[in-house]
Amino acid sequence: MIPWLAQAPAEPALNMWNAPAGTPEIWIKVGIAMLAGFGLLAALIAAPTRLRRPISAAFIFVAGLFWVLVFLFPKPIDSQTPHDQRPSGFVQNVSFWLADAIPVVSNFSNILTAFILGLGVFSLMRIHLMRVAKKQTDWPFSIVLLVSMVAMATFGYWDWKTRLDLGGAKVDEAWPLAAYGKDLLFDGMLQVMEAAMFSLIAFFILSAAYRAFRIRSVEATILLCAALIAMLNLMGAVVVTWDGMIESFGKDNAFLMNFTLSSVAGFIRDNLQTPGIRAIDFGIGLGALAMGLRLWLSLERVGGN
Amino acid sequence: MANDKTIWEKLQAIDRRVLYTLLMVIATVSLFFKVNVPTKPGQPTKDLYRLLVDADALPEGSTVILQSDWTQSTRGESAGQMEALLRILMRRNIKFALLSVADPQAPLVARNVIRAINLERKAKNQREYQVWEDYVNLGYFPNAEGTSNAIAANFKTAVAGRKETPPGSTTPLDVFQSPVLAKVSKVEDVPVYINVTGSKTSNILIERLGGRVPFAALVTGVMGPETLNYYQSGQVKGVAIGLNGVAEMESLMEKGLEESGKPPVQSFAGETNYGRGMAYYLALHTCLVLMIVAVVVGNVAMVAARKKK
Amino acid sequence: MQSESYPIIKLFVGVACTVGLYSVLYRESKFYRFFEHMFLGLAAGWAMFALWGETLKSTWWDRMVGSVADEGNPAVPGYWAWAFLLPIGVMAYFVVSKKHNWISRIPIGIILGLWSGQQVQVWFTRYGPQMQSSMKPLFPTTWSEFITPLQPEAGAVYPAQVIGNLVFLLTLLSAMSYFLFSFETKSKLFNGMTTWGRWLLMIGFGAIFGSTVMTRFTLMIDRMYFVFIEFFQQGLIPLIGGR
Amino acid sequence: MDGVYYEKGWLGVVFTLMVAGFILLNIYRARKTSGKLFIRRIPGLNAIDDSIGRATEMGKPVLMVPGIGTLNAISVQALQIFAYVTKTAAKFANPIRLCCLDPAVYTVAQEIIRDVYQTEGVPENYDPDSVRFISDRQFAFAAGVSGIILRERTAAAFLMGEFFAESLILAETLNSIGAIQVACSTEITQTPFFVAACDYVLIGDEFYAASAYLSRQPVLVGSLVGQDWSKLAIAATILLGALVNSADGLKRVPDEAKPGETRVLKADEKMITNLFSPKKPEWKPAGGTQ
């Protein structure tokens, strides 16, 4: 079947779906495709109101259909079979085509999300530019935000460009200004701040535990005991001491061995925690599947009205 | 007595900031003591160690896929895991193809760890790991689900077009020309698929790989319970969980592994085995003690206060 | 070559950022606000870069226009059909329009559709094995010993294990029964089961809480290591001639 | 099919189709009975109105966070619940803050919230800045939202969706200013923290039940019933499988290795194993071509 999105770059045979890079041909084809796409957009703008729901429903359905087919359609055992050795016939072709298409289709969502990211950044800029313009509370901080945003974007691209032109290895030797800027802003600040924010949880977990783990209700008490055992089992020193004590009573006594901290924690984990998680997980999985079905078949409306 | 009633009530409501300060001080102070805290490796870690070091499970010189999905933000646990893992792989001359799906920075972070371990080997004048010869960096792939799907369906096309520059050369070549991936075209071709992750990419992989290749995971403590779930159902062959996992790995590397009914697994005694794991392990203990004490105090105070009423 | 003084400067800046964010533990202040906004700005700036540099360029543009041959690498033709993704992405921006905001539902719909379809595809891959592994044997195969011996016979199921398996199964079922929403029953057994289910869930939660504490503390310890060992002990003290 | 294809194991396909069937069938049933199917009370949800009411009294905004997942059913589900919350808030002209991490989610949120204000007949009260894109990086997002919480002193907060590590940062920050919190994470690893730090917590798929419970839309109610049927089916399958496995465990077959002796079944000889994880057949391309 037709590799219309380069499903199988294994054989770059030229056909109507592609064109050699750097030639006018590819640019023309891309240009036409873009025009067609925006033509479609224009058509949508003109579309009458009653067609709106069916149109968006159709898009959702087709998008979902791909994965459903991948699931239901017979799958080739070895999707890497060279094309000349592949069995012919409609069913086989379709199944191999699906298998080849997976790596391609997998990218759609995050390409689209990337296009949409502009919206988010735009709203961020709008809010803060307004603040500065209207001198609202904290407007100086909005300036800080905008400046660091511009700085990071600039150095990001600059460094990226230099690496493309000179090659990464050269840049790592020469360390031009771009490299300094990007390294300081990204590695030196952004990444460190993320780690710092992440580590704040340690403090919150302490205060939360101190507040919540009180033997007030049955539930709180159970929570408390389970957590204590789990925490003790995290401390190698404690485990070794406790288990050592047990073993001192009789190393080959199978019954006693059930009371080593690791076995107790293990028992809780395997026979109480695992099934508990699994039960929740079944529910969540079903919920997701059900919601997926409802969205795919447009049974559920996304949005208020 | 009026005033110890107030004490009990005070102890029931210690100010957050007091607890925070205590935690910070205790953690910092413990870092300055170098102690090898004893450990008792759990079965998941033992299985992981066996999977990585046992010659039958992972023959010398074979290639593994190493998916590194962590960055600065989980450095505390993941870095230790990565270091321990790389020490083992390099000592056993296991080639590895490095890739990441979680974060664009992950490959860079991973490369820094490789560099660090290489320096360590250089200092001991052992052979340094060469890019292209011993490992290739396939780089970052956006969209975890999609990539895992693609890799499971067809590894070769999933990572097609990724290039790496052989030493001495200046022109990047297709990674599949390298000694590392020469014999690999689908995931089934590698003896083990390893994932060092700070997020849930391991779950995604497990779902998509569907047991086509033995899967080993080194995950953060948070992901532990979920991953153990898959370990129970045999979808993961071995797991190291969090700092504990690191400390256990490190002591296994020091002492080797003896299990009843299974062949013993070698140790790497005499090498640098204790690393970041042990460096942090004492602090972890003291912090946990603080937490337990805080909880106990809170409860005792509550009960005592009730008694008074 | 990187300048000598750069690493310590970088460390210092990093420490400053860490302290800045930590200050929120005491209270929200202008100091924290400064670093918070800087943080958000840097993140947004990086997003603006990563948008092209790390996503679109490699996963979209290069595939669309292809690449010419250079030493060792064959030319890859471009596939023009990729071009359609741009207009579709642009449709999302119609959300700001009062009149045509419905058009934004098309890219949204495609993303949701793909996700939904995948649910169908992965559901059993994920839950099948979990079901399978929950089917633990409920009859002992041997009565030679009640408690599992330290060297158990291969493939044998001991009475003690069976008890464990029963606990497992009962936990699973009662926990699942807690999540039945559409059944109205006066049956004592069922309601008892759901209550038990909730308590058993709490055990699981407690255990998760406990094991999660490790990660959280470790990351904090790591930050302390960064500030006090990497910066002060290894960076600053040698610099000011201390030893 | 001529040895070219995976024996994917018919069970997976059949089971999935069965579950889908249950859900669709019950949606159909519910539509006929116009949603008059029973749903049990879900405690956390009754708190929604109270907490909004309190926020109104204090004249403080209501905070909503649809998790930090990408655009998928979970975030959409969260937004559906938030639509209900917003409806109530709009009645009292109470300010809201909806903070998003994923730009696509942000897009949907904008549309939904604007819709709500329109259907409530107060489009003029809709403030485009009330739905915000904070950052697409997890911890920058956490820092930003914490900032908003501490500065604007939100009185009520709804944390629902895919939450990861940031869950506790938000929950404790909210707790430190004494805001009422209704929380739920589909990430089981985060639920314990919500349980410890929040006032009301929805566990697991109570989250999916929520919008059915709130809106009583036939489609949602029906699908919820369908999910319950599927849960029962899963439970039954597990019980049955356990019994079959036990029976297989007792079986003994003649041992090939030691003639005259018997042995227990190997894993791949057990019925359940073959049903759930059938072996992948060998196939050489050359042989397979027709």
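Between which two helices of chain A does the loop with A:Lys135 lie? The loop runs between α4 (108-134) and α5 (139-166) of chain A. The legends below describe close-up views of a predicted model.

**View 1. Two residues with positive phi, A:Lys135 and D:Ala93.** Most residues other than glycine have a negative phi. A:Lys135 is not a glycine, yet its phi is positive, near 50°. A:Lys135 is exposed, with a relative accessible area of 54%. D:Ala93, also not a glycine, has a positive phi of about 50°. D:Ala93 sits in the loop between α3 (73-91) and β2 (96-100) of chain D. With 53% relative accessibility, D:Ala93 counts as exposed.

**View 2. The open sheet of chain B.** Six strands pair in parallel, in the order β3-β2-β1-β6-β7-β8. At the edges are β3 (135-140) and β8 (238-241) of chain B, each of which pairs on one side only. From one strand to the next, the twist averages 15°. Strands of a sheet pair through backbone hydrogen bonds. Strand β1 (residues 63-69) of chain B is joined to β2 (residues 95-100) of chain B by 5 bridges, and B:Gln67 stands opposite B:Leu99 in β2(B). Two helices lie across strands of chain B: α4 (residues 75-91) across β1, β2, β6 (193-197), β7 (215-219) and β8, and α9 (residues 224-232) across β7 and β8. Helix α4 of chain B runs at about 150° to β6(B), and helix α9 of chain B at about 165° to β8(B).

**View 3. Strand β6 of chain B and its partners.** All 5 of the 5 residues of β6(B) are buried, so this strand is largely enclosed by the rest of the structure. In a regular strand the side chains alternate between the two faces of the sheet. In β6(B), B:Tyr193, B:Asn195 and B:Thr197 point one way, while B:Ile194 and B:Val196 point the other way. Strand β6(B) pairs in the parallel sense with β1(B) over 5 bridges, where B:Ile194 stands opposite B:Leu66. Another 5 bridges join β6(B) to β7(B), also parallel, and B:Tyr193 has B:Phe215 as its bridge partner there.

**View 4. Salt bridges between and within chains.** Side chains of opposite charge can pair when their charged atoms come close. A:Arg211 and D:Glu172 form a salt bridge with an N to O distance of 2.8 Å. A:Arg211 belongs to helix α7 (residues 177-212) of chain A and D:Glu172 to helix α6 (residues 166-176) of chain D, so the pair joins two chains. A:Arg211 is partly exposed at 27% relative accessible area, whereas D:Glu172 is buried at 3%. In a second pair, the closest N and O atoms of A:Asp243 and B:Lys40 are 3.0 Å apart. This pair also joins two chains, because A:Asp243 lies in helix α9 (residues 236-249) of chain A and B:Lys40 in a loop of chain B. A third pair, B:Arg92 and B:Glu60, has its closest N and O atoms 4.0 Å apart. This salt bridge ties together parts that are 32 residues apart in sequence. B:Arg92 is buried, with a relative accessible area of 2%.

**View 5. A nonpolar surface patch with residues from chains B and C.** The patch consists of B:Val25, B:Val29, B:Phe32, B:Phe33, B:Val35, C:Phe228 and C:Phe232, and together they have about 600 Å² of accessible area. Helix α2 (16-31) of chain B and helix α6 (188-239) of chain C each supply at least two of these residues.

Definitions and conventions:
Residues are numbered from 1 along each chain as its sequence is written. Chains are lettered from A and ligands numbered from 1 in the order in which they are written. This is a predicted model: local features need pLDDT of at least 70, side-chain atom pairs count only at pLDDT 80 or more; totals for chains, interfaces and linings use all residues. Side-chain values use heavy atoms; hydrogens and water are left out. Patches are made of residues with over 30% relative accessible area and no salt bridge: like charges are joined within 9 Å, nonpolar side chains (Val, Leu, Ile, Met, Phe, Trp, Tyr) within 5 Å. Accessible areas come from the Shrake-Rupley method with a 1.4 Å probe; for residues, only the protein chains shown count as cover. A salt bridge is a side-chain nitrogen of Lys or Arg within 4 Å of a carboxyl oxygen of Asp or Glu. Helices (H or I, at least four residues) and strands (E, at least two) are DSSP runs, numbered from the N terminus. Two strands pair if DSSP finds at least two bridges between them. Axes are lines fitted to C-alpha atoms, for helices over the stretch in contact, and angles run from 0 to 180 degrees between N-to-C directions. Contact means heavy atoms within 4.5 Å. Buried means under 20% relative accessible area, exposed over 50%, partly exposed in between (1.4 Å probe, protein chains only).
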